[in-house]
Amino acid sequence: MTYQPQADFGTPAVSSDTLVSLTIDGRAVTVPAGTSVMRAAAECGGSIPSLCATDSLEAFGSCRMCLVEIEGRRGTPASCTTPAEQGMVVHTQSDRLGRLRKGVMELYISDHPLDCLTCSANNDCELQDTAAQVGLRDVRYGYAGADHLGLATDGSNPYFDFDPSKCIVCSRCVRACDEVQGTLALTIDGRGFASGVSAGQTGDDFLSSECVSCGACVQACPTATLQEKAVKEIGKPERAVITTCAYCGVGCTFRAEMRGEQLVRMVPWKDGKANRGHSCVKGRFAWGYANHKDRILDPMIRDSVDDPWRVVSWDEALEFTAERLTAIKAQYGARALGGITSSRCTNEETYLVQKLVRAGFGSNNVDTCARVCHSPTGYGLSKTFGTSAGTQDFDSVMDADVVLVIGANPTDAHPVFASRLKKRLRQGAKLIVIDPRQIDLVRSPHIEAAHHLALQPGTNVAVLTAMAHVIVTEELADEAFIRERCDWDEYSDWARFVAEERHSPETLEPVTRVPAAELRAAARLYATGGNGAIYYGLGVTEHSQGSSTVMAIANLAMATGNIGRRGVGVNPLRGQNNVQGSCDMGSFPHELPGYRHISGAVVRELFEADWGVTLDPDPGLRIPNMLDAALDGSFRALYVQGEDILQSDPNTHHVSAGLKAMDCVIVHDLFLNETANYAHVFLPGSTFLEKDGTFTNAERRIQLVRKVMEPANGPNGKGMADWEVTQALANALGLGWSYTHPSEIMDEIARLTPTFAGVSFDRLDAEGSLQWPVNEAHPDGSPIMHVDGFVRGKGRFMVTDYVPTDERTGPRYPLLLTTGRILSQYNVGAQTRRTDNTVWHDEDLLEIHPSDADNRGINSGDWVRLASRTGETTLRAEVTTRVAPGVVYTTFHHPATQANVVTTEYSDWATNCPEYKVTAVQVLPSNGPTEWQETYASWSAKSRRIMAEPAE
Amino acid sequence: MTRTIRIAQICANHAELEGPLLPILHAVQGEFGCVDAEAERVIASALNLSRAEVHGVVSFYHDFTATPDPRPCLELCRAEACQARGVEAMVAAAETAAGQRVRVRTVYCLGLCSVGPNARVGDDLHARLDETSLVKLVKSL
């Protein structure tokens, strides 16, 4: 199939219960009332010429190309702004319309370069198409008059160019930035003939403007004015494959537009139910890491981590690994072996890794990075609601009246969801933000939080319990909902508990530092403002009371009846693309796929029968326990797929000591990551572009990942997708697996996991996506959960007593450090640091309040030493009022900073999720890197040596 | 008081209006003789608009300028009605009289079509101008 851009219906789809029938050029068509004539024409196979219309934007009516004649009406109305009406008879082509359109087109073309053949949008240009449609043959005005043809191109953005000489000022880019992205970074400068698109103000270019590089303007541009640099370089794509983004938990689907095996561009898929045709800078543009020079394509082994790496064949690497694992198992037993699954890999790959550990290694020592992010979500939501997942789909936010965002920074970490949320807020929904920092959502153009509770880090439970106190004592609870859906006795116990005076906002104010009146107002708004929806992130979970906070959130939602319909709910914003999936797939040491405890004989026997093995009935070790056990010598071998625990896990010194104590560390990754410095085997991984499989996003939506190019890893073109590598390792251990395609793995998952019973690749291919549970009760999946009652039966209120963290500030460490992400970088940065996204953020910075900075003589840009009881590092400071006095903030994207050298080993009481968000620190001026940073840098360089190929 | 604080104060004074942007821009232009990039930033921040939005409005209207022009200004209507009543023949004389000292701005219609040619200086309107009275008006500025 040759390249076709995705169909454009001109104006957005309208939903209405009323249908209207009309006739367009003799063809009858029925559309929902409110649909434009333009869209109705497109739906019955027509295509009215237009330039300023596209179906991601509201009709604008400026280009005057889409004129039509309607019987019984005077004039020639624009079809984009004219709603279809019952019985209308429309003609889209006549002599008069032809003349009008041709005349308008002449004006456009009189000020447009005639370089179509050498233009990068040749054959992919709506201006060109429209000129062809109207039959433009000549321009009567000539080309001698004033024009805009000599204007310079703005190439400041690393991914796209802005060439104003090709601009027809249709305003599609400006409107895309306003309506779709919600940043409003673009405008039309000037008036009349002088008007032109401008990023920001006079003197700004795209890079210096408020532009966040989401690319919505590029996608909306009908000409070559705003276009991807890659298209300029490579040419027009030849085919498009629908696949799913491998960055955050939003799970955007894209058309990967290809030329040969070369990716030309990623264009958000308009039918994607998670992203609805939008994307962010990471998903659309930051895929250059896939072919970065740092990517390791060959298997490598070494006897000791002090040796350089030796490049070997797949066979040799697998044989070496199998021998080591077998020897360790023979000497120390199965429980000395373990694995870590990846939330970056597909469901099928994750499933295979846990199967390899349980069925092959013979232990349950399997864990995943959700340990360090959303494990408290799993615990908290299953205790209260009975299922370990968010309750809504993303579309639901468009029905929310009050949105409570706690411990999440969607505009940076989940930007595509943030754009939806901002759209809803611009429509009038109210926002409450609970966060120690003034995140962008608190106040940015056209968005302003009704309440920002800038709490002291570590006091989430206190704030939420105080909100519950207000709701209960002011009698704002939804008693009818609670009586019908929840256990009334448990509610009564909980209500008595939260009503105690010690939980009042006034009593807790000294602890939380949230003004009591503000907190009361926020609680009243959430309880009484209509549909209340809670969205939360790692600022909730990564605390010593992470699980308690999740339960406190669930309590609030149940107490106010905000569960079980559109516009409400409890929604964890998942950090990684497949963290939901990796949890679903049995990545935790105590749970088989589908969150079923390993000690349950019935479930275990099901897997034993299917896999033909006997499983260990006892839960295995969690990541921190594996590291502890490594230090005492009882844990010896670890298979790590697609994760960098050294950089992402807390207390780097402890992680490195644990890894160093092991006999066999197998790193399966794209790059020699920080963990690989302590590895004996390196198995080259494959990118999401090189494999088939499925990802499950934060709304439980299972979507296909489709292979668009062959895996580049492995010698002599013998590339293997990650699932094939795991299978090869399993077979080297004698397991005899014979999957030929990931769809067979999904069939096995569906066979063994009730919530996935109705899932298959065929169905996903046909339907686009499915939201689990997909089973007999919910054959088409479940966009919203707990509709007719909670999964566990009765919703359960859990008493959440606020226990201050053991991590306290004191004279030596007077500030509290909290950590997070930034828009352009992702997690440990393994991918984004290897793209041009570094123009926005090339190092981690420490945000510090001006008063704390003044006390210490620190200015923006100064090197500072950041020290905690655990360790210290240095980085540059940024003085800002985003953080409150007493709080400092940084990101953890860059290994040179190693922010996790500083974080402590305190963790969630229920799940061991590390307390990244609260560390007592001191900040002092410094001259440069610490001793640890320098030692680590030289160790890292030494450890990454690869032995030169022997001369032949 | 710095200029930034004064502009923020102007914004605050107009905060209660529905659609406060244009009144604020007029007040800033009136007080400082221009709405420059820094003023756009302060106004954007005060009204919670993007910088681009404010710039789009500022750059659309002739009334707002990016740099101050301290010269006196005469706005001369050259729309159809005033043209019909002979304004075009007077333009050269007015410009000569103005030289570099006075700014003569062309506007299109002051709403006094029956008594043209017309001009405006500040809030004062001048009707039934002929070359002599126009030149005299320019010289008086």
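Which two helices of chain A have axes that come within 9 Å and cross at roughly 145°? Hold that thought for a moment, everyone, while I set the scene.

What you see is a predicted model, in which local features need pLDDT of at least 70, side-chain atom pairs count only at pLDDT 80 or more, and totals for chains, interfaces and linings use all residues. Residues are numbered from 1 along each chain as its sequence is written, while chains are lettered from A and ligands numbered from 1 in the order in which they are written.

Back to the opening question. The pair is helix α2, residues 95–110, and helix α3, residues 126–134, both of chain A. Axes here are lines fitted to C-alpha atoms, for helices over the stretch in contact, and angles run from 0 to 180 degrees between N-to-C directions. The crossing of α2(A) past α3(A) is left-handed, a label used when the near helix is turned anticlockwise from the far one by less than a right angle. On the α2(A) side the contact uses G98(A), R101(A), K102(A), M105(A), Y108(A) and I109(A), and α3(A) answers with L127(A), T130(A), A131(A) and V134(A). Two residues are in contact if their C-beta atoms, placed from the backbone, lie within 7 Å. Sorted by class, this α2(A) to α3(A) contact has six nonpolar, two polar and two charged residues. For the classes, Ala, Val, Leu, Ile, Met, Phe, Trp, Tyr, Cys and Pro count as nonpolar, Asp, Glu, Lys and Arg as charged, and the others, Gly among them, as polar.

Now let's zoom out to chain A as a whole. Chain A has 29 helices and 36 strands; these are DSSP runs numbered from the N terminus, helices being H or I over at least four residues and strands E over at least two. Its radius of gyration is 29 Å, which agrees with the value near 30 Å for a compact globule of 952 residues. For the record, that radius is taken over C-alpha atoms, and the globule rule is 2.2 Å times the number of residues to the power 0.38. Of the 952 residues in chain A, 59% are buried. Buried means that 20 or more other C-beta atoms lie within 10 Å of a residue's own, exposed means 12 or fewer, and partly exposed is in between, with C-beta atoms placed from the backbone.

On to the sheets. Which strands of chain A make up the closed barrel? The six strands run β31-β35-β32-β34-β33-β36, with mixed pairing, and the twist averages 45° from one strand to the next. Strands pair if DSSP finds at least two bridges between them. Inside this barrel, β32 (residues 845–848) and β34 (residues 872–879) of chain A run parallel, joined by four bridges, and L846(A) stands opposite A877(A) in β34(A). On the antiparallel side, β33 (residues 863–868) of chain A pairs with β34(A) over five bridges, and a hairpin of three residues links β33(A) to β34(A).

There is also an open sheet in chain A, with four strands in the order β2-β1-β4-β3 and mixed pairing. Its edges are β2 (27–32) and β3 (69–70) of chain A; each has a single partner strand, so one side of each is left without a neighbour in the sheet.

Chain B next. Chain B has seven helices and four strands, and 26% of its 141 residues are buried. Where the chains meet, the contact takes 13 residues from chain B and 19 residues from chain A. On the chain B side, α3 (37–47) and α4 (51–60) each supply at least two residues, and α4(B) gives the largest share, seven residues.

Finally, some backbone details for the force-field people. Most residues other than glycine have a negative phi, and most peptide bonds are trans. A cis peptide bond joins W772(A) and P773(A), with omega about 0°, and another cis bond joins G116(B) and P117(B), with omega about -10°. H446(A) has a positive phi of about 70° although it is not a glycine. Is H446(A) buried or partly exposed? H446(A) is partly exposed, with 16 other C-beta atoms within 10 Å. R128(B), also not a glycine, has a positive phi of about 50°, and R128(B) counts as exposed, with 12 C-beta neighbours inside 10 Å.

Thanks, everyone!
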